[in-house]
Amino acid sequence: MEKIKKLLGDFRKYWLKPPKGRYMSFKEIASLSVGGIGHRLVVYCINQMILSVGNVLIGNTIGIAPRAMYAIYIISVLSGFPLTALRAKMIDNTRSMKGKYRPYIISMGIPTAAIGVLFIITPYEHMSLFWKCAAVLAYNIGFQFFSNFYNDSFDSLINVLSPNSIERSDVLSIKSIVENLSPSIVTILLPIVAKWITGEETLYDIKIYRILFPPLIVFGFLLSLLAYVNTSEKIVQAKTHVIQMKFSDAFRAIAKNKYFWIISLAGWLGFLESSFNNIIGWMYSYQKACTPGQYAIVTAIAGNAAFWPNVVAPFFIRKFGKKKILVFTNVMNIFFIMLMLPVVKMTGDPKVIWMFLVFIFINNFTTALGHLLNPSIQADIRDYQQYVTGERIDGMFAAVGLIGNAITLATSSVLPTIYEKAGLNKTVAISLGYDGSNVYDVLYNSEYFVKICSVLIIASVVGATMNVIPFFFYDLTETDQRGMVRVLKIRALFEDWGNGVLEDNKLIETYEIIKEAKEYENKPLSVPEKKAGKEEKKKILEENEKIRIASRVTEELLKYNTEQGAAEIRIAKSIVAAGLNGFQSIEIPDKKTAKAMPKSTESEKEIRRNTLMRIESYKTSEKAIKKYFPNGIEEFDSKIFDELFTAEYENEVAINEALKALKAAKESKRKEDIAEIKQAVKAYQKERSQIAAKIKKATDENSIYYRAAKPYLDAVKLLNQAENYTHLDEIEGLYQSALARAENV
């Protein structure tokens, strides 16, 4: 009872204000989770319409065969290349009072919902195969931009709501528990509603989806707006920071992010792992393995498997860490997929669907546990990227991920080939007495059903085995992530101090990180005794984590006092002394010499790495100078961004106020005011477009300048940071003043 009272007390206390050390209030968590119910409804419906070789709505219901589907799938994916690059650029250059991702929940959600409804109501039954393919392809090109943008924005929101990796994992667990209610309920109701609509035991009648999906999509989108209305983004970045990377710059930066490649490679190699997913639905629809009511129970139990990982994930992450969970769950998948093979060969036995369900449940549990980690891992990878490069380029990860799309194009031809070779083709359909118009009719034959499903299970085992290998090389721990975020906060603090824009709350939070590091920097790591109690072990492990983080923080603050740091300062001073149009004359080692540099210690590795990066930066700079500044580099005045961003903010406020006034005028039916306010809104919107064009022009100019002058600008930045780090005592004085002001509030 006491625990319940404490929980209720915490709920009221932290409804609007997060607990100490956390960044999200309970209201934000609730809004993100309940909004997630709506988002998942939209995703569930739209996913049924997305082109893939195993899509049952497009294949079994609309009647497009695997080969034809693969052909339009290729075109759809290719259309996504430029659209994904555009999406990435839009995200990374978004500066809005509403944040980086939140605005797109509305602006991309509306067209996503509209296209989804149009897809379902299109009269495919009156179309030839060509026009079916053309219609499905057109809608999917729309989904490539709008739906993917909407999904990425909602799913990526957690990346910027908190920089705390453990908090992100906790919130993701809560969010997943809540939001998965929607697809679970729909999956349970679908066979029952289908039976009511059609009078038959089938899921492949378009009428089912026309009645069910449009209201679900519209309701889901409206509910997802809770996340837009009640959350706020929190990016660890200096207040005065300006994005200055173009696509090519970002691509080069991400290319060096080893964790991005590890996680991406796992996905690319495991393309066959989900090959078995349609089997249980096929058992019901083609082999009549159970009644509609029983199938509803089967799908409910299978779907429920994804619930339990959300409950245990926070504990597992704290206990074992993400890497161990990833490896374990993927190894378990291999084993349990293999066990499906002898079961599927028993098709025809009344118990087979229940036996198959056992392995589906276990597989779904382990898969869901691994998938639950993905958003948190993606956020950690982005933190690492910012730590290494100094840039928060979340959107560009999706653009660089286009490499995966190219790989998927090649690998996706494997599954339709497997389908066809196993017997899912027109020739076999005709030989079995069907007209060949829908090759999936082959699955009514029990012999071919077992043969095709067995091949798919074997393919899934191969995919799961390939998928697990890269995870053995993932070594970014939760402690590493926390240490990197604290270093990012310190860098932002000193940058803002140097620019005279410190905020009390950030100053207090960040200086307390420095204080804690000073307290733990010289303490040795402890090993818990075997006989130690649970609480004592926990305390020792927490202290060890603080010691490790303190080491990273101290290393950052003292990095310019080391031999390597002093060498970096000397080089930076020589570059700055040569000037903006003279730094190219500074002699630097060639790549061969740099690669031959010693790398036996961490310091030597750092010097070697920085030298190689400087060589690359010089080459890029030389090309940019020849192309854009043949008569000498012209310095770009970045103060223009202050003016433009201020104008952008004021314009956004003006539009919001005008829209509120328009709403009030409509409610009061003041026709003259309505017309006048509409004109004002149009003027503000025109002004917004003009400001956006100016920001784009300035960003492009700044990016060109940044590329050409990068060695010089990096040197200036390094010297400024080195100088700022010498003023720690002054920061401490400001901290004491800020603390006094906070206590008097």
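A salt bridge is taken here as a side-chain nitrogen of Lys or Arg within 4 Å of a carboxyl oxygen of Asp or Glu. By this rule, 21 salt bridges are counted in the structure, which is a predicted model. The mean pLDDT of the protein is 82, with 91% of the residues reaching 70 or more. Among the elements, helix α6 (residues 109-121) has the highest mean pLDDT, 92, and helix α19 (residues 394-400) the lowest, 65. Where pLDDT is low, the predicted coordinates should not be read in detail.

Among the salt bridges, that between the side chains of Lys322 and Glu478 has an N to O distance of 3.0 Å. This pair links distant parts of the chain, since Lys322 belongs to helix α16 and Glu478 to helix α24 (residues 478-498), 156 residues apart. Both partners are buried, Lys322 with a relative accessible area of 2% and Glu478 with one of 10%. Helix α24 also contributes Asp480 to a salt bridge with Arg552 of helix α26 (residues 534-557), so that parts 72 residues apart in sequence are tied together; here the N to O distance is 3.3 Å. In contrast to the buried pair, Arg552 is partly exposed, with a relative accessible area of 23%, and Asp480 is likewise partly exposed, at 23%.

A salt bridge within a single helix is formed by Lys626 and Glu622, which are four residues apart in helix α29 (residues 602-628) and therefore separated by about one helical turn. The closest N and O atoms of Lys626 and Glu622 are 3.8 Å apart. Lys626 is exposed, with a relative accessible area of 61%, whereas Glu622, at 38%, counts as partly exposed. Salt bridges that share partners also join Lys322, Asp380 and Glu478 into one network.

Aromatic contacts were examined next, and the count comes to 23 aromatic pairs. One of them, Tyr44 with Phe213, is edge-to-face, with the ring centres 6.3 Å apart and an angle of 70° between the planes. Tyr44 lies in helix α2 (residues 26-47) and Phe213 in helix α10 (residues 206-230), so to speak of this pair is to speak of a link between distant parts of the chain, 169 residues apart. Both Tyr44 and Phe213 are buried. The rings of Phe119 and Tyr139 have centres 5.5 Å apart and planes at 55°, and the pair is therefore tilted. Phe119 is in helix α6 and Tyr139 in helix α7 (residues 129-161), 20 residues apart. Phe119 is buried at a relative accessible area of 0%, and Tyr139, at 17%, also counts as buried. In addition, Tyr104, Phe145, Phe146 and Phe149 form one aromatic cluster.

At the surface, Val331, Ile469, Phe472 and Phe473 make a nonpolar patch of about 410 Å². Val331 is located in helix α16 (residues 322-338) and is partly exposed, with a relative accessible area of 40%.

A search of the whole structure for disulfides finds zero. Cys453 is in no disulfide, the nearest cysteine sulfur being that of Cys290, 14 Å away; because a disulfide requires two cysteine sulfur atoms within 2.5 Å, this separation does not qualify. Cys453 is buried, at 0% relative accessibility, and Cys133 is buried as well, with a relative accessible area of 11%.

Definitions and conventions: Residues are numbered from 1 along each chain as its sequence is written. This is a predicted model: local features need pLDDT of at least 70, side-chain atom pairs count only at pLDDT 80 or more; totals for chains, interfaces and linings use all residues. Side-chain values use heavy atoms; hydrogens and water are left out. Patches are made of residues with over 30% relative accessible area and no salt bridge: like charges are joined within 9 Å, nonpolar side chains (Val, Leu, Ile, Met, Phe, Trp, Tyr) within 5 Å. Accessible areas come from the Shrake-Rupley method with a 1.4 Å probe; for residues, only the protein chains shown count as cover. Helices (H or I, at least four residues) and strands (E, at least two) are DSSP runs, numbered from the N terminus. Buried means under 20% relative accessible area, exposed over 50%, partly exposed in between (1.4 Å probe, protein chains only). pLDDT is the predictor's confidence in each residue, from 0 to 100. Rings of Phe, Tyr and Trp (its six-membered ring) pair if their centres lie within 6.5 Å; planes under 30 degrees apart count as stacked, over 60 as edge-to-face and the rest as tilted.
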